[in-house]
Amino acid sequence: MIVIGENDSRPLGPVIATIGSFDGVHRGHRFLFSILCEQARSRGMKSAVVSFHEHPQHVLRPVASKLPLLTPGDEKLALFEELGCDHAIMLHFTSELAALSAREFMRLLHDRYGVTVLLAGYNHHFGHQADITPDEYAEQGRQVGVEVTRAPEFQAPLGLKVSSSAIRRLLQGGDVAQAASLLGRHYSISGTVTSGQHIGTGLGFPTANVGSLSPLKLIPAHGAYAAVAITDDGLSFPAMVNIGTRPTVAQGDATVSIEAHLIGFDADIYGRQLTLRFVERLRDEVRFSSVSRLVSQLESDRRRVCEIIGNIDSNSIIN
């Protein structure tokens, strides 16, 4: 996949494109991308996803500047590529861009990037006019040389309502399993393994402390989770993950940490990248009356993780 910046005005066309923030790249987005790629093949064109470096809400509603993201930065681009998009046109979402009409925006895409067909999501709007109709989009597109077509409505399985905001709410409540059903994949975080206080090692449960995350990345609710840990050389391990302040052993330290105990792994990975894909919530984070009770619970958690993940091929779990 070729990533195109807003200052790169080389025409890519003829290109069929779709537009959106696409935070999470969830089931609904994936449905749209499948239509995009299918139409690109049938028309003999390249496909392009037009998206933004900034979440529009961070610009349009400054009060929402703390809105956490499901897929910031390169994570979103990696998913675009995984889904077969030929190009990603990444624009900075500014108040000036938001003020463009639909026709002005389509003219920009046509003249700068060679977009000749625009696939709009079923209920997606772009341009500053909030009440524009599909027929008006089509007419304004014709005026600047862009054919506007609209994707059918995505029919989610089991009557689920799929949206980025719904997924955020689920993760903030710790329901990673239901979030995965809306995403079409397990929610993941990736970061650098940093040196900790080695408390877990002393308890018989050495952990990898995952840090250096994007400050915009949504972290699931505090608690213990069953996950799949993937090292930077592609090895996968069942993992028990704790997110929180470790109230039993942290002695008043309220710093939030993400700690993963990789089952069946015994190596030094300090400074390396680690990805955690969350499969199921085990329990809330609680303060135990003694360290021995904590260790007993950790042993129970480890058994439960092995039951959930076991020796199943990780690809069948995490995709």
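**Group meeting: a six-stranded barrel, two cores, a cavity and a pocket**

Let me begin with one hairpin-like detail of the sheet: strand β9, residues 223-231, and strand β10, residues 236-244, pair in the antiparallel sense over eight bridges. Within that pairing, Ala224 stands opposite Asn242 in β10. I should say at once that this is a predicted model.

Colleagues, please now follow the sheet outwards from this pair. Six strands form a closed barrel in the order β7-β8-β11-β10-β9-β12, and the pairing is antiparallel. On average, neighbouring strands of this sheet are turned by 45 degrees against each other, direction ignored. Helix α10, residues 291-308, lies across β9, β10, β11 and β12. Relative to β12, residues 273-283, helix α10 runs at about 100 degrees.

I turn to the nonpolar cores. In soluble globular proteins, nonpolar side chains tend to be buried together. Here, the largest nonpolar core has 32 residues, and those touching the most other members are Leu171, Tyr187, Val241, Leu274, Leu276 and Phe278. At least two residues of this core come from each of α7, α8, β7, β8, β9, β10, β11 and β12. A second, separate core comprises 25 residues, including Leu97, Val115, Ile132 and Tyr137.

Which residues does Leu274 touch, leaving aside those up to four places away in sequence? The contacts are Ile189, Ser190, Gly191, Val193, Ala208, Val210, Ala229, Ile230, Thr231 and Leu262.

Next, the enclosed space. The structure holds one cavity of 30 Å³ or more, and the largest cavity has a volume of about 370 Å³. Its lining consists of 23 residues, with Asn242, Arg246, Glu259, Leu294 and Leu298 lying nearest the centre. Asn242 is thus a residue we have already met, as the one opposite Ala224. The elements α9, β10, β11, β12 and α10 each supply at least two residues of this lining, and α10 is the helix that lies across β10, β11 and β12.

Finally, the open space. The largest pocket has a volume of about 1,500 Å³. It is lined by 45 residues, of which Ser21, His29, Asn123, His124 and His125 lie nearest its centre. Two or more lining residues come from each of α1, α2, α4 and α7. Which element gives the largest share of this lining? That element is α1, with four residues. Helix α7, residues 164-172, also supplies at least two residues of the largest nonpolar core, in addition to its part in the lining of this pocket.

Thank you for your attention.

How values were computed:
Residues are numbered from 1 along each chain as its sequence is written. This is a predicted model: local features need pLDDT of at least 70, side-chain atom pairs count only at pLDDT 80 or more; totals for chains, interfaces and linings use all residues. Side-chain values use heavy atoms; hydrogens and water are left out. Two strands pair if DSSP finds at least two bridges between them. Axes are lines fitted to C-alpha atoms, for helices over the stretch in contact, and angles run from 0 to 180 degrees between N-to-C directions. Contact means heavy atoms within 4.5 Å. A nonpolar core is a set of buried Ala, Val, Leu, Ile, Met, Phe, Trp, Tyr and Cys residues joined through side-chain atoms within 4.5 Å. Buried means under 20% relative accessible area, exposed over 50%, partly exposed in between (1.4 Å probe, protein chains only). On a 1 Å grid over the protein atoms alone, a cavity is a set of points where a 1.4 Å probe fits but cannot get out, and a pocket is an open set with protein on both sides within 12 Å along at least five of seven lines; lining residues have an atom within 4 Å of a point. Grid points are joined across faces, edges and corners, and a volume is the space filled by probe spheres set on the points.
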